Amino acid sequence: MSGLTNRGITLTNRPAGHPQTSDFACVEYPVPTLLEGGVLRRTLYLSLDPYMRGRMREVAGYTTPATLGTPMVGGTVSQVIESKSESFAVGDYVLGYDGWQEYGVSDGKDLRKLDPSKAPLSYALGALGMPGLTAYAALLDIGKPKAGETVVVSAAAGAVGSLVGQIARVLGCLAVGLAGSDEKCRFVTEDLGFDACINYKTQPLDEALKAACPNGIDVYYDNVAGAVLEAVLGHINLGARIPLVGLISQYNAVTPPPGPNLMSLLVKRALIHGFLVVDHTHREEAFQADMSKWIREGSVKVVEDTVEGLENAPEAFLGLFSGKNVGKLLVKVSPDPTQ
Ligand code: NDP
């Protein structure tokens, strides 16, 4: 197949503070001719994730910075449209890391086949993918919740947080979320079954946490850090566990924000344990089995926020930081033949 034109979204500036749509450009370039062993696929879904903000910096944290002028990186679900590899056939569905573009080409070593009869393809980027493993592994392996304990999670209506609270409920815990609007809080309690949810933008945090967690907090699954972490630390129990998974409240900070008072951690002998999902790939098999079962049984609901069209990726990405998304934010880049 030749003559195909690729369309991608590139980063044109490294943003200071909140990124703007003007930091991105939509560009066209030819799809290269396929070499022996190569696999060409069309992107069906692109995952948008907060870590991408870190990639936009000149000096990234635990990841390499995005290169200006090339398509932004990102997880993708694609369909193979041409193959010169023995491992992949035309029509196969694959999980890859092709970034913000309509076509991807490689030798296939970076691809994992997906079976659309097992779960909708897009779940591989959310509940059955990296965010799902993040929710599952950090909660179970660092949070170690026991039935009857209280689990609090921030960004509770998002990709990771929405799963954390639901898993906590599966395990017999009291699940309390924090989210940025009354609508999200209603969604988290009424639709996802959390026991309570606090609007951290409007409610006094101390009083609200005291009311929602009468027995104190045993596990705080931290997705945001900052003021919420500081408030939660005043309510943790002896031996509480705090998976420190994300600090989204600080991702756009221009100057380092003042940190929380960590003294409470010392006094209560609590543990903050940094988490990187890449360290937990050995949990993949158990995670896939448990999460697939919970989804099948209906004890975990999969929440997806799908934006149509690659050209809308930059604006949708910015919505992660103003709280526009509910559940896993995806871009539908081309029609999903399984739907
Ligand atoms: P979400 O789907 O939760 O989307 C981000 C949400 O964060 C927004 O919807 C918004 O919800 C909330 N938010 C945005 N800005 C702020 C702020 N200033 N203060 C508080 N909340 C804010 O994203 P994910 O589920 O993909 O990621 C959640 C967290 O987990 C992120 O911090 C991410 O970096 C981290 N993560 C870490 C991984 C690891 O390996 N360590 C792997 C995957 C994710 P609201 O309206 O409620 O404010």
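Select Tyr 221 to begin, a residue that lies in strand 11 of what is a predicted model. With a relative accessibility of 0%, Tyr 221 counts as buried, and if you display its surroundings, leaving out residues up to four places away in sequence, you will find that it touches Thr 134, Ala 135, Ala 138 and Leu 139, then Val 152, Val 153 and Ser 154, then Val 160 and Val 164, and finally Pro 243 and Val 245. To get a sense of scale from this starting point, draw a distance between the C-alpha atoms of Tyr 221 and Asp 92, which are separated by 37 Å and stand 129 residues apart along the chain.

Next, follow strand 11, which spans 217–221, into the loop that leads to helix 6 (226–233), and select Ala 225 within that loop. The backbone deserves attention here, since most residues other than glycine have a negative phi. Ala 225, by contrast, has a phi near 60°, a positive value in a residue other than glycine. Ala 225 is also buried, its relative accessible area being 3%.

A second residue with this kind of backbone angle is Lys 144, which is not a glycine and yet has a positive phi of about 40°. To reach Lys 144, select the loop between helix 2 (130–143) and strand 8 (150–153). How exposed is Lys 144? Its relative accessibility is 48%, so Lys 144 counts as partly exposed, whereas Ala 225 is buried.

Stay with lysine, but move to Lys 328, which is found in strand 15, a strand made up of residues 328–332. Is Lys 328 buried or exposed? Its relative accessible area is 4%, and Lys 328 is therefore buried. Showing its contacts, with neighbours within four places in sequence set aside, brings up Ser 47, Leu 48 and Asp 49, together with Leu 125, Gly 126, Pro 131 and Ala 159, and also Val 303, Glu 304 and Asp 305.

Now select the cysteines and look at their sulfur atoms. How many disulfides does the structure hold? The count is 0, and two of the cysteines help to show why. For Cys 173, the closest cysteine sulfur is that of Cys 213, at 12 Å, which is too far for a bond, given that a disulfide needs sulfur atoms within 2.5 Å. For Cys 213, the closest cysteine sulfur belongs to Cys 197, at 11 Å, and that is again too far for a bond. Cys 173 is buried, with 2% relative accessible area, and Cys 213 also counts as buried, at 5% relative accessibility.

Finally, clear the selection and view the protein as a whole, with its 9 helices and 15 strands. Its C-alpha atoms fill a box of roughly 65 × 45 × 35 Å along the principal axes. The radius of gyration is 21 Å, which agrees with the value near 20 Å that a compact globule of 339 residues would have. If you colour by accessibility, buried residues make up 53% of the 339 residues, while the accessible surface comes to about 15200 Å², with 54% of it belonging to carbon and sulfur atoms. Among contacts with a separation of 6 or more, 68% are between residues 24 or more positions apart. As a last selection, take the charged groups, 29 positive and 36 negative, whose mean positions are 4 Å apart.

Technical notes:
Residues numbered from 1 in each chain as written. Predicted model: local features only at pLDDT ≥ 70, side-chain atom pairs only at ≥ 80, totals over all residues. Heavy atoms only, no water. Buried < 20%, exposed > 50% of the residue type's maximum accessible area, 1.4 Å probe, protein only. Helix = DSSP H or I, 4+ residues; strand = E, 2+ residues; numbered from the N terminus. Rg over C-alpha atoms; globule rule 2.2 N^0.38 Å. Contact = heavy atoms within 4.5 Å. Areas by Shrake-Rupley, 256 points an atom, 1.4 Å probe, with all protein chains shown as cover. Lys, Arg positive; Asp, Glu negative; His and termini not counted. Charge placed at Lys NZ, Arg CZ, Asp CG, Glu CD.
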